[in-house]
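Dear colleague,

I am handing over the structure we spoke about, and below it you will find my notes on what came out of the analysis. Please read them with the coordinates open beside you.

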Amino acid sequence: MPDDRLDFKAMCAKFEVTPRTLRHYEYIELLSPEREGRARFYGPREVARMTLILRGRRFGFSLEEIRQWLEIYDKGEGWEAQKEIWLDYADRQLDELAKRRVELDEIIAELKALRDATAAG
């Protein structure tokens, strides 16, 4: 096995994901490992894609948004096209996260007030 490939178990360990998660990403065609018999091997391309997938998930992007963004690269539409979509997604997600921050601040303030009132009573 070339040094730049990971087997299924090593890929799960490297990214701290369950086998089910990795299989799901393959099933929805976000990842396409090389196959040798029943074994799967992940090269640098798949490792890079997994890094992007997990980063996108951390930022709150849907798997469909991530798939569409990666597809632009796969179609060879170039970095400019990919960058435009990324900027649009990032702007929308930043707006959504800002709204969620306001909601969380309100919830925290309400819970603190209720806790303080309970402690004083």
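Please bear in mind throughout that this is a predicted model. The largest nonpolar core comprises 19 residues, and those with the most contacts inside it are M11, L22, Y25, L30, M50, I53 and I66. Four helices, α1 (8–15), α2 (19–27), α3 (44–58) and α4 (63–74), each supply at least two residues of this core. I53 may be a convenient place to begin looking: leaving aside neighbours within four places in sequence, I53 is in contact with Y25, L30, L31, L63, I66 and L70.

I53 also belongs to the buried residues of α3, which are E46, V47, R49, M50, I53 and G56, and what covers these buried residues includes β1 (6–7), α1, α2, β3 (39–42) and α4. As a check on the geometry of α3, its 15 residues should span 21 Å at 1.5 Å a residue, and this agrees with its end C-alpha atoms, which are 21 Å apart. After α3 comes G60, whose phi is positive, near 95°.

The next item is the largest pocket, which has a volume of about 200 Å³. Its lining is made up of L52, R55, G56, F59, F61, E65, I66, W69, L70, W79, W86 and Y89, and by class these are 9 nonpolar, 1 polar and 2 charged residues. Helices α3, α4 and α5 (78–120) each supply at least two residues of that lining, with α4 giving the most, namely 4 residues. I66 appears both among the core residues with the most contacts and in the pocket lining, while G56 is a buried residue of α3 that also lines the pocket.

Two residues of α5 are worth setting side by side. Q93 is found in this helix and counts as buried, because its relative accessibility is 12% and the cut-off for buried is under 20%. Not counting residues up to four places away in sequence, Q93 touches F59, G60, F61 and R100; of these, F59 and F61 are also in the lining of the largest pocket, and G60 is the residue with the positive phi that follows α3.

A113 likewise lies in α5, but A113 is partly exposed, because its relative accessible area of 45% falls between the limits of 20% and 50%. The C-alpha atoms of A113 and L6 are separated by 52 Å, the two residues being 107 residues apart along the chain.

With best regards

Terms used
Residues are numbered from 1 along each chain as its sequence is written. This is a predicted model: local features need pLDDT of at least 70, side-chain atom pairs count only at pLDDT 80 or more; totals for chains, interfaces and linings use all residues. Side-chain values use heavy atoms; hydrogens and water are left out. A nonpolar core is a set of buried Ala, Val, Leu, Ile, Met, Phe, Trp, Tyr and Cys residues joined through side-chain atoms within 4.5 Å. Buried means under 20% relative accessible area, exposed over 50%, partly exposed in between (1.4 Å probe, protein chains only). Contact means heavy atoms within 4.5 Å. On a 1 Å grid over the protein atoms alone, a cavity is a set of points where a 1.4 Å probe fits but cannot get out, and a pocket is an open set with protein on both sides within 12 Å along at least five of seven lines; lining residues have an atom within 4 Å of a point. Grid points are joined across faces, edges and corners, and a volume is the space filled by probe spheres set on the points. Ala, Val, Leu, Ile, Met, Phe, Trp, Tyr, Cys and Pro count as nonpolar, Asp, Glu, Lys and Arg as charged, and the others, Gly among them, as polar. The expected span of a helix is 1.5 Å times one less than its number of residues.
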